[in-house]
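Here is a short report on one protein chain. Look through the sequence and the 3D structure, then read on.

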Amino acid sequence: AERNLYMLFQHELNDSYLVFYNVRWLSHREQKRTGSEADFVIVHPDKGVLVLEVKGGQIHYDPQTKYWTSRDRSGVAHRINNPVERVRNNTLILLDSVKKFLQAQNIENYALLLFRPVGYAVAFPANTIDKHTLESVIAPEIVLDKADLPQIRQWIEQAMGYWHRPY
């Protein structure tokens with residue numbers, strides 16, 4: 001799923017976008033060293049930064065139990081970690097790590113470098129889902145599914161634009 005998305009990004013996004021794949025980092029939080037990773041970090045000089053969590057396979061969210069599942073090729077459902085929580089936490093950890101790095105480098109205007117909107121989104125490229133079933137967990141505008149793939153550039157712009165809106 002990630003490889004196919006990367007190929008789409010390569011084909012559909014112009015050179016003003018930087019797409020980083022499988023971004024890994026170490027952070028120091030609460031006096032512990034922890035590793036995190038983002039499937040994609042998409043950067044645009046005017047639109048900001050989008051951290052994207054990708055889940056392949058047939059993904060389902062049950063609003064009653066709040067469980068996420070993925071069906072394997074045999075049709076067996078397996079419970080998975082909440083991808084929305086994962087991308088939200090990874091985005092915060094990444095921001096914190098960048099901020100600490102810039103401070104350690106004595107970059108005085110580090111706040112200006114982080115001023116662009118930084119947001120997150122989830123992608124389920126193998127599914128066509130009813131995004132409104134996820135509204136209690138995540139805004140439909142920042143959920144990509146199979147139906148969005150033919151207009152991937154427009155979807156990226158929409159997802160980045162979501163984080164520009166006032167609250």
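## Ala 38 and its neighbours

Ala 38 touches Asn 22, Val 23, Trp 25, Val 51 and Leu 52, leaving out residues up to four places away in sequence. Its home is strand β2, which covers residues 32-44. The model is a predicted one. In it, Ala 38 has a relative accessible area of 2%. Buried means under 20%, so Ala 38 counts as buried.

Take one of these partners, Leu 52. Ala 38 and Leu 52 are 14 residues apart in sequence. In space, their C-alpha atoms are 6.7 Å apart.

Another partner, Asn 22, lies in strand β1, residues 18-29. Asn 22 is not a glycine, yet its phi is positive, about 55°. Most residues other than glycine have a negative phi. Is Asn 22 buried, partly exposed or exposed? Its relative accessibility is 30%, so Asn 22 counts as partly exposed.

## The whole chain

How many helices and strands does the protein have? There are four helices and eight strands. Starting at the N terminus, the order is α-β-β-β-β-β-β-α-α-β-β-α.

The protein has 167 residues, and 36% of them are buried. About 10400 Å² is exposed, with 50% of that area supplied by carbon and sulfur atoms. Now take the contacts with a separation of 6 or more. Residues 24 or more positions apart account for 51% of them.

## The nonpolar core

The largest nonpolar core holds 39 residues. Within this core, the residues with the most contacts are Leu 5, Phe 9, Leu 50, Leu 52 and Ile 156. Several elements give two or more residues to the core. Among them are the helices α1 (2-12), α2 (83-104) and α4 (152-162). Strands on that list include β2, β3 (48-54) and β7 (118-124).

Phe 9 shows some of these links. Beyond its neighbours within four places in sequence, Phe 9 is in contact with Val 19, Phe 40, Ile 42, Leu 52, Ile 152 and Ile 156.

## Val 122 in strand β7

Val 122 sits in strand β7. With 1% relative accessibility, Val 122 counts as buried. Which residue is 68 positions from Val 122 in sequence but 5.9 Å away in space, C-alpha to C-alpha? That residue is Val 54.

Leave out residues up to four places away in sequence, and Val 122 still touches many others. Its partners include Leu 52, Glu 53, Pro 83, Val 84, Val 87 and Trp 155. Ile 138, Ile 142, Val 143 and Leu 144 are also on the list.

## Two helices

Helix α2 has 22 residues. At 1.5 Å a residue, α2 should span 32 Å. Its end C-alpha atoms are 31 Å apart, so the two values agree. At the start of α2, a side-chain oxygen of Asn 82 comes to within 2.8 Å of the backbone nitrogen of Val 84. Buried residues of α2 include Pro 83, Val 84, Val 87, Ile 93 and Leu 94. After α2 comes Asn 106, with a positive phi near 55°.

In helix α4, the buried residues are Ile 152, Trp 155, Ile 156, Ala 159 and Met 160. Viewed down the axis of α4, these buried residues fall within an arc of 130°, so they line one face of the helix.

## His 44, Ile 80 and Lys 66

His 44 belongs to strand β2. Its relative accessibility is 8%, so His 44 counts as buried. The His 44 side chain reaches the backbone nitrogen of Asp 46 at 3.1 Å. Setting aside neighbours within four places in sequence, His 44 is in contact with Ser 16, Tyr 17 and Met 160.

Ile 80 is in strand β6, residues 77-80. Ile 80 and Ser 70 are ten residues apart in sequence and 6.7 Å apart in space, C-alpha to C-alpha. Not counting residues up to four places away, Ile 80 touches Lys 55, Ile 59, Trp 68, Thr 69 and Ser 70. Where is Lys 66? Lys 66 lies in the loop between β4 and β5. Lys 66 has a positive phi near 65°. At 59% relative accessibility, Lys 66 counts as exposed.

Terms used:
Residues are numbered from 1 along each chain as its sequence is written. This is a predicted model: local features need pLDDT of at least 70, side-chain atom pairs count only at pLDDT 80 or more; totals for chains, interfaces and linings use all residues. Side-chain values use heavy atoms; hydrogens and water are left out. Buried means under 20% relative accessible area, exposed over 50%, partly exposed in between (1.4 Å probe, protein chains only). Contact means heavy atoms within 4.5 Å. Accessible areas come from the Shrake-Rupley method with a 1.4 Å probe; for residues, only the protein chains shown count as cover. A nonpolar core is a set of buried Ala, Val, Leu, Ile, Met, Phe, Trp, Tyr and Cys residues joined through side-chain atoms within 4.5 Å. The expected span of a helix is 1.5 Å times one less than its number of residues. A polar contact is a pair of N or O atoms within 3.5 Å; within protein, one must be able to donate a hydrogen and the other to accept it, and residues adjacent in sequence count only if both atoms are side-chain atoms. The arc is that of the directions from the helix axis to the C-beta atoms.
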